[in-house]
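The following note is offered to a colleague who is new to this structure. Its numbered points may be read alongside the sequence and the three-dimensional view.

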Amino acid sequence: LQAQFNRRLNTSIQVLASYTWSHSIDTASSDSAAFAPGAVIDPKTDRAASDFDVRHSFNSAISYNIPTFSKAPFVEQLIRNWSIDSVFALRTATPVNVFTTTDVLGLGVPSVSRPDRIPGVPLYIDDPTVAGGKRFNRAAFFIPPANAKRQGSLGRNVLRGFNVHQLDFALRRQLKIKETLRVQLKGEIFNIFNHPNFSDPDGSLGTDGVPNTFFGLTTSMFGRSLGA
């Protein structure tokens, strides 16, 4: 679903706002194992939101031409042709797959598999001491014994990371040198409120029984995680 509002409200203000609702579903964005028998990894149990599933996305831009309030020639020359631009972007969190790299599936080598979900235990813990203010709850998961030959009861990509939002601001002025020549001076501030956006938390519980100390924690800023 895509919706857009685009209108010049008056001679000074122009607004553009866009919203997208989407849902991408697959059976394997990255959670797969070669030559695994269907009885062990059933594609039906892997059907879930894609790794890159962004459910809601909102973007808006406002451009405001600052009017000249003074008729005094000197003041008018000083304040004329100034404009303000503002861009706001918001998107909801992408899925995070909780997994362990242990031979739970009985393939003879360590492979990516999911743990069991412990009923009644919260998946998230509010923690002001960690980046983003929350982390995944390790106590909510149980790793099946080695060679259990099954996926855990936890679904694929059940958890979500952090929302991302940012407000950018720009101040510009256009100077008319002559009839066919204009120069624009512009200063921009990205993320004007210095709001931190964090990458998705680490979904790995550990490898071969060795716990991952970073499980459930975000370890980088959102920008550094792009393409990783």
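1. Strand β2, residues 13–21, and strand β5, residues 56–65, run antiparallel and are joined by nine bridges. Within this pairing, Tyr19 stands opposite Phe58 of β5. The model discussed here is a predicted one.

2. Strand β5 also pairs with strand β6, residues 82–91, again in the antiparallel sense and over nine bridges. Here Asn65 has Ser83 of β6 opposite it. Strands of a sheet pair through backbone hydrogen bonds, either parallel or antiparallel.

3. A further point concerns an open sheet of four strands, whose order is β9-β8-β17-β18 and whose pairing is mixed. Strands β9 (111–113) and β18 are at its edges; each has a single partner strand, so one side of each lacks a neighbour in the sheet.

4. The parallel part of this sheet may be examined at β8, residues 99–102, which is joined by two bridges to β17, residues 204–207. Phe99 faces Ser204 of β17 in this arrangement.

5. On the antiparallel side, β17 pairs with β18, residues 210–211, through two bridges. Thr207 has Val210 of β18 as its bridge partner. The two strands form a hairpin with two residues between them, and Asp208 in the turn has a positive phi of about 50°.

6. Which residues make up the largest nonpolar core? The core has ten residues in all: Val96, Val98, Leu123, Phe136, Ala140, Phe141, Leu154, Leu159, Leu205 and Phe215. In soluble globular proteins, nonpolar side chains tend to be buried together.

7. Leu205 deserves a separate remark. Leaving aside residues up to four places away in sequence, Leu205 touches Val98, Phe99, Pro115, Arg138, Phe141, Ile143, Val210, Pro211, Asn212 and Phe215. Two of the strands described above are represented in this list, since Phe99 stands opposite Ser204 of β17 and Val210 is the bridge partner of Thr207.

8. The aromatic residues form five pairs by the rule applied. One of them is the edge-to-face pair of Tyr124 and Phe136, with 5.7 Å from centre to centre and 70° between the planes. This pair links distant parts of the chain: Tyr124 lies in strand β11 (residues 124–126) and Phe136 in strand β12 (residues 134–136), twelve residues apart.

9. Are Tyr124 and Phe136 buried or partly exposed? Tyr124 counts as partly exposed because its relative accessibility is 31%, whereas Phe136 is buried, with a relative accessible area of 2%. Ring pairs join Tyr124, Phe136, Phe141 and Phe215 into a cluster. In addition, the charged end of Lys134 sits over the ring of Tyr124, at 4.7 Å from its centre.

10. The final point concerns a polar residue in a loop. Asn157 is located between β13 (141–142) and β14 (159–160). Its relative accessible area is 6%, and Asn157 is therefore buried, the limit being under 20%.

11. What does the side chain of Asn157 reach at 2.7 Å? The partner is the backbone oxygen of Ala49. A polar contact of 2.8 Å also joins the side chain of Asn157 to that of Asp51. With residues up to four places away in sequence not counted, Asn157 touches Ala49, Ser50, Asp51, Pro95, Val96 and Asn97. Among these, Val96 belongs to the largest nonpolar core.

How values were computed. Residues are numbered from 1 along each chain as its sequence is written. This is a predicted model: local features need pLDDT of at least 70, side-chain atom pairs count only at pLDDT 80 or more; totals for chains, interfaces and linings use all residues. Side-chain values use heavy atoms; hydrogens and water are left out. Two strands pair if DSSP finds at least two bridges between them. A nonpolar core is a set of buried Ala, Val, Leu, Ile, Met, Phe, Trp, Tyr and Cys residues joined through side-chain atoms within 4.5 Å. Buried means under 20% relative accessible area, exposed over 50%, partly exposed in between (1.4 Å probe, protein chains only). Contact means heavy atoms within 4.5 Å. Rings of Phe, Tyr and Trp (its six-membered ring) pair if their centres lie within 6.5 Å; planes under 30 degrees apart count as stacked, over 60 as edge-to-face and the rest as tilted. A charge sits over a ring if NZ of Lys or CZ of Arg is within 6 Å of the ring centre and within 35 degrees of the ring normal. A polar contact is a pair of N or O atoms within 3.5 Å; within protein, one must be able to donate a hydrogen and the other to accept it, and residues adjacent in sequence count only if both atoms are side-chain atoms.
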